[in-house]
Amino acid sequence: MAKQELSINHEPEKIKIHPYEHRTQYYETDQMGIIHQTHYVKWMEEARMDLMNQIGLGYKQMETLEIISPMLSISVDYRSMVHFDETVIITPRILKYDGIRMELEYVMTDKESGEVRAVAKSSHCFLNRTGAHISLKRIYPELDTKFFEFKDAE
């Protein structure tokens, strides 16, 4: 298969990464009227996709290049409850990246009070469509450089 061209849309010095906002929904609550813990993981994935779009490396673009990035592990430290109709600000950042694996941190805060609701981490690897591990550094060095730039920009 021929290598596809990769277009990087942004320069890191011109981008200000904006946190992801999620307005909680009634269906996300449990019988106690608080958000069920399973939804935090969904919000993390939404925030990760948003981060990648903001830095010009949208997941759809990666899939076009036949790169997938499954989750390897996840941890969530719940600090305080989130209720229906609150807005949660999720600030993701790349903690580690080596071209083969990536680890992100997510700080979830209440928009109104600024109270930390949860702190989480997820780790991901990069695979091709057949499920084989790939090195972005070797296959797509321009994509690898982009991840490193945003990891270092923290």
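Colleague: How many aromatic pairs does a search of the whole structure find?

Modeller: The search finds six. This is a predicted model, in which local features need pLDDT of at least 70 and side-chain atom pairs count only at pLDDT 80 or more, while totals for chains, interfaces and linings use all residues. Residues are numbered from 1 along each chain as its sequence is written, and side-chain values use heavy atoms, with hydrogens and water left out.

Colleague: Why is the pair of Y40 and Y78 called edge-to-face?

Modeller: Rings of Phe, Tyr and Trp (its six-membered ring) pair if their centres lie within 6.5 Å, and the planes count as stacked under 30 degrees apart, edge-to-face over 60 and tilted for the rest. The ring centres of Y40 and Y78 are 4.9 Å apart and the planes stand at 85°, so the pair is edge-to-face.

Colleague: What makes this pair a tie between parts apart in sequence?

Modeller: Y40 belongs to helix α1 (residues 38–54) and Y78 to strand β3 (residues 71–78), so the pair ties together parts 38 residues apart in sequence. Helices (H or I, at least four residues) and strands (E, at least two) are DSSP runs, numbered from the N terminus.

Colleague: Are Y40 and Y78 buried or exposed?

Modeller: Buried means under 20% relative accessible area and exposed means over 50%, with partly exposed in between (1.4 Å probe, protein chains only). Y40 has 3%, so Y40 is buried. Y78 has 40%, so Y78 counts as partly exposed.

Colleague: Why does the pair of Y97 and F126 count as edge-to-face?

Modeller: Here the ring centres are 6.2 Å apart and the planes are at 75°, so the pair of Y97 and F126 is edge-to-face. Y97 lies in strand β4 and F126 in the loop between β6 (116–125) and β7 (127–128), so this pair ties together parts 29 residues apart in sequence. Both Y97 and F126 are buried.

Colleague: Which strands make up the open sheet, and in what order?

Modeller: Five strands do, in the order β1-β4-β5-β6-β3, with antiparallel pairing. β1 and β3 are at the edges with a single partner strand each, so one side of each has no neighbour in the sheet. On average, neighbouring strands of this sheet are turned by 20° against each other, direction ignored.

Colleague: How do you know that β1 and β4 pair?

Modeller: Two strands pair if DSSP finds at least two bridges between them. Four bridges join β1 to β4 (residues 87–97), and the strands run antiparallel. One bridge partner in β4 is I89, which goes with E21. Nine bridges join β4 to β5 (residues 101–110), where I89 stands opposite T109.

Colleague: What makes the side chains of β1 alternate?

Modeller: In a regular strand, side chains alternate between the two faces of the sheet. In β1 (residues 20–23), Y20 and H22 point to one face and are buried, while E21 and R23 point to the other and are not.

Colleague: Why is T109 called buried?

Modeller: The relative accessible area of T109 is 17%, so T109 counts as buried. Contact means heavy atoms within 4.5 Å. Leaving aside neighbours within four places in sequence, T109 is in contact with T87, V88, I89, G114, E115, V116 and R117.

Colleague: How do you know that the span of α1 agrees with the expected one?

Modeller: The expected span of a helix is 1.5 Å times one less than its number of residues. The 17 residues of α1 should therefore span 24 Å, and the end C-alpha atoms are 25 Å apart, which agrees. The buried residues of α1 include H39, Y40, W43 and M44.

Colleague: What makes the phi of E66 worth listing?

Modeller: Most residues other than glycine have a negative phi. Phi of E66 is near 65°, a positive value in a residue other than glycine. E66 is in the loop between α2 (59–64) and β2 (67–68), and has 28% relative accessible area, so E66 is partly exposed. D85 also has a positive phi, near 70°, and is found in the loop between β3 and β4. At 40% relative accessible area, D85 is partly exposed.

Colleague: Which residues have the most contacts inside the largest nonpolar core?

Modeller: A nonpolar core is a set of buried Ala, Val, Leu, Ile, Met, Phe, Trp, Tyr and Cys residues joined through side-chain atoms within 4.5 Å. The largest one has 35 residues, and I67, M108, F126 and F147 have the most contacts inside it. Its largest share, six residues, comes from α1.

Notes. Axes are lines fitted to C-alpha atoms, for helices over the stretch in contact, and angles run from 0 to 180 degrees between N-to-C directions.
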